[in-house]
Amino acid sequence: MSRLEESIEIANPQHPHCATVLLLDISGSMVANGKINQLNDGLRFFKEDVTSDELASKRVDLAIITFGDGVTLTHDFSSMDAFNPPTLRASGLTPMGEAILRAIDLIEERKFEYKSRGIDYYRPWIFLITDGEPTDMKPGDATWKKVVAAINDGENNKNFLFFTVGVEPADMDTLKQLSPSNRAPVRLMPGKFKAMFEWLSKSQGRVSASKVGENVQLDSPAGWAEISTI
Amino acid sequence: MGRDLNDIRHRRIWLKTLATPYFFGASVIGPLHVQLAMPCQDSFAFKTIDEDFAVAAIADGLGSASKADIGAKVAVKSAVKSVERAIKATAIATHKSVDITTLAKDAVTAARRALEKRAKTEECSLRDLACTLLVAITLRDAVAAVHIGDGALVVDTDNGLHLITGPGESEYTNEVTPLTSQDWEESLKSTSAVSGVNGIALFTDGCQRAGLKKADNNYAPFEGFFRPLFTYATQIDDFEQANQDIYDLLASDKLSEHSEDDKTLVLGILPKGT
C-alpha cells in the first residue's frame with residue numbers, strides 16, 4: 001500500500017443506487033405459449049447476470065410489481081444479493097393503469113429515502129412488460145389520462161426512464177399511446193425473454209458506470225426487440 | 001539513531017523548500033474504462049505564471065461522447081493558456097487589482113471557443129467533445145473558480161476546509177451539463193475570490209465520493225481525505241515523486257473500489273497573503 005493510500009479515509013463508501021422497477025403483466029393470457037415460464041426463467045437469469053457484474057450488483061436496487069389478480073408489490077426494493085427471483089403464476093385481468101401509478105409512487109418514495117440517507121443515485125427505471133391491453137382503463141377515460149400524464153411528466157421532468165415492452169399478442173398501438181413520446185414501445189421477439197433481460201442488465205451496468213450529458217444513450221435492443229412500425 | 005534520521009529529513013526539507021505557488025497532480029484511467037478499452041477521458045493542466053499568479057484546470061470527458069478525451073485535453077490547455085496570456089499582458093504594478101473571477105470566466109469561454117474550433121478540424125459535432133471544466137486561478141493566497149459540470153474545488157484555510165465549488169445541482173449522479181451544451185453559459189458556476197487560502201485541491205467526480213460527504217443534499221469536504229493530502233502537499237520536495245504518489249493513490253484499491261471512473265486530483269500550495 002502506498003503511503004498516501006494508507007493515510008486517507010473515504011468520505012462516502014456507499015455506492016450510488018439505480019432504482020429499477022420491473023412492472024410485470026401476469027394476467028391469465030401469459031400462460032399461453034409458456035410466456036410466464038419464460039418470464040420466470042428470465043428473472044432468474046437477470047439475477048445471475050447482474051450479480052456477475054460486480055459494479056452493477058452493488059448499484060441496482062430492484063423492485064417488482066406484478067399485475068393480474070390485482071396489483072401486488074411482489075418484491076420490495078432490495079440489492080440484487082437479497083433478491084430471490086419469485087416463481088410467478090399467471091391469472092386474472094390486466095390492471096395496468098393502477099400498476100403504473102403504483103410504480104411511479106414507489107420510485108418517488110425510494111428517491112426520498114435516498115436523499116434522506118445521503119445516497120447518490122442514477123435516474124430510476126420503470127420497465128413494463130405486458131402481453132395485453134389494460135383492463136382498468138381505456139384510451140381517453142379519466143384513469144387513462146391520469147396515467148399518460150404521469151408517465152409523460154415523469155419522463156419530461158427526468159424523474160425516471162419508462163420502457164415499454166410488448167409481448168405477443170400485445171396491442172402495440174395502445175402501448176404506443178401510453179408510452180412517453182420520446183420512447184416508443186418495442187415488441188419482444190418470440191422467445192427472447194432471456195436476451196431482453198441480458199440487455200437490461202448490461203444497460204444498467206453501462207448507465208451506472210459512465211457520465212452522460214443531456215441524453216441517456218443505450219445499446220440498441222436489436223437482439224431481442226422489433227421496433228414497432230405503427 | 002532516530003535523531004540522526006530526523007536531522008537528515010529536516011535538513012532535506014530545509015534545503016529544498018519549494019517556491020510557492022506550486023502544483024502537482026495526476027490523472028488515472030478508471031478500471032471500467034480499461035475494461036471497455038476506452039481512453040482516459042480526464043485531463044488536467046496547471047501553470048505557475050509568476051510569484052503572484054497560478055492557474056489550474058481539470059476536465060472530465062463524458063463517457064457518452066466519442067472524442068471526450070480530446071475535448072478534455074483541449075479544454076484544460078486552452079483555459080490555462082488564456083489565463084497565462086492575460087496575466088502576461090498585465091503590468092506587475094496592477095497585479096493586485098486583477099479580478100481573477102473575470103479571468104477564470106474568460107478562460108472557460110476560451111475553452112469553449114477552442115472546442116468549437118476543434119470540432120471543425122476534427123470534423124465531428126461539438127457534442128462528441130463533451131466534457132466538464134473547472135478553472136481555478138490563484139492570486140497570492142486568494143482563489144476564484146469558474147466551473148461547469150461536476151468535480152469540485154476544496155480549499156484549506158486556517159479555519160479549516162471549504163468547498164468552493166461542487167458537483168452542482170443535477171439530481172442524478174451521472175448526468176451533467178457539459179461545456180459543449182447549448183446552455184453552457186447559464187450553467188456556469190463562478191465564485192468570487194476567497195482569500196486566506198493555504199492549499200487548494202481540484203478533483204474530478206471519480207474522487208468525489210472519496211473526498212466529499214453528503215448530508216441533507218449538501219456536499220462538504222471530508223477531513224479524513226483532505227487533511228492527510230494537504231499535510232503531504234506542504235512536505236513534498238520533489239515534484240516527480242509527488243506526481244507519482246498522487247498517481248499511486250488514485251490507482252490504489254482504496255479509491256478504485258469506490259469509483260470505476262477516471263480520476264484526477266491536482267493539489268496546490270499557495271504563498272502566504274500579502
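This tour goes through parts of chain A and then a sheet of chain B in a predicted model.

Begin by selecting strand 4 of chain A, residues 125–130, where six of the six residues are buried, so that the strand is largely enclosed by the rest of the structure. With side chains displayed, A:Trp125, A:Phe127 and A:Ile129 can be seen to point one way from the strand, while A:Ile126, A:Leu128 and A:Thr130 point the other way, and all are buried.

Next, add the strands that pair with strand 4 of chain A. Strand 1 of chain A, residues 18–25, runs parallel to strand 4 of chain A and is joined to it by five bridges; to find the register, select A:Thr20, which stands opposite A:Trp125. Strand 5 of chain A, residues 161–166, also pairs with strand 4 of chain A in the parallel sense, over six bridges, and here A:Val165 is the bridge partner of A:Ile129.

Now show helix 5 of chain A, residues 142–156, which together with strand 4 and strand 5 of chain A makes a right-handed β-α-β unit. Helix 5 of chain A has 15 residues and reaches 21 Å from its first C-alpha to its last, close to the 21 Å expected at 1.5 Å a residue. Colour A:Val147, A:Val148, A:Ile151 and A:Gly154, which are the buried residues of helix 5 of chain A; they cover an arc of only 135° around the axis, and therefore lie on the same side of the helix. What covers these buried residues includes helix 4 (96–116), strand 5 and helix 6 (172–178) of chain A. Turning to the face away from the buried side, select the exposed residues A:Ala142, A:Lys145, A:Ala149, A:Asp153 and A:Asn156. After helix 5 of chain A comes A:Lys158, whose phi is positive, near 60°.

Move finally to chain B, where an open sheet of five strands has the order 2-3-4-5-8, with antiparallel pairing. Its edge strands, each pairing on one side only, are strand 2 (42–48) and strand 8 (189–194) of chain B, and neighbouring strands of this sheet are turned by 5° against each other on average, direction ignored. Within the sheet, select strand 4 (residues 133–139) and strand 5 (residues 142–148) of chain B, which pair in the antiparallel sense over seven bridges, with B:Thr138 standing opposite B:Val143. As a last selection, take helix 3 of chain B, residues 68–88, which packs on the sheet and touches strand 2, strand 3 (53–60) and strand 4 of chain B, its direction making about 165° with that of strand 3 of chain B.

Technical notes
Residues are numbered from 1 along each chain as its sequence is written. Chains are lettered from A and ligands numbered from 1 in the order in which they are written. This is a predicted model: local features need pLDDT of at least 70, side-chain atom pairs count only at pLDDT 80 or more; totals for chains, interfaces and linings use all residues. Two strands pair if DSSP finds at least two bridges between them. Helices (H or I, at least four residues) and strands (E, at least two) are DSSP runs, numbered from the N terminus. Axes are lines fitted to C-alpha atoms, for helices over the stretch in contact, and angles run from 0 to 180 degrees between N-to-C directions. Two residues are in contact if their C-beta atoms, placed from the backbone, lie within 7 Å. A residue is buried if 20 or more other C-beta atoms lie within 10 Å of its own, exposed if 12 or fewer, and partly exposed in between; C-beta atoms are placed from the backbone. A crossover is right-handed if, with the strands pointing away from the viewer, the path from the first strand over the helix to the second runs clockwise. The expected span of a helix is 1.5 Å times one less than its number of residues. The arc is that of the directions from the helix axis to the C-beta atoms.
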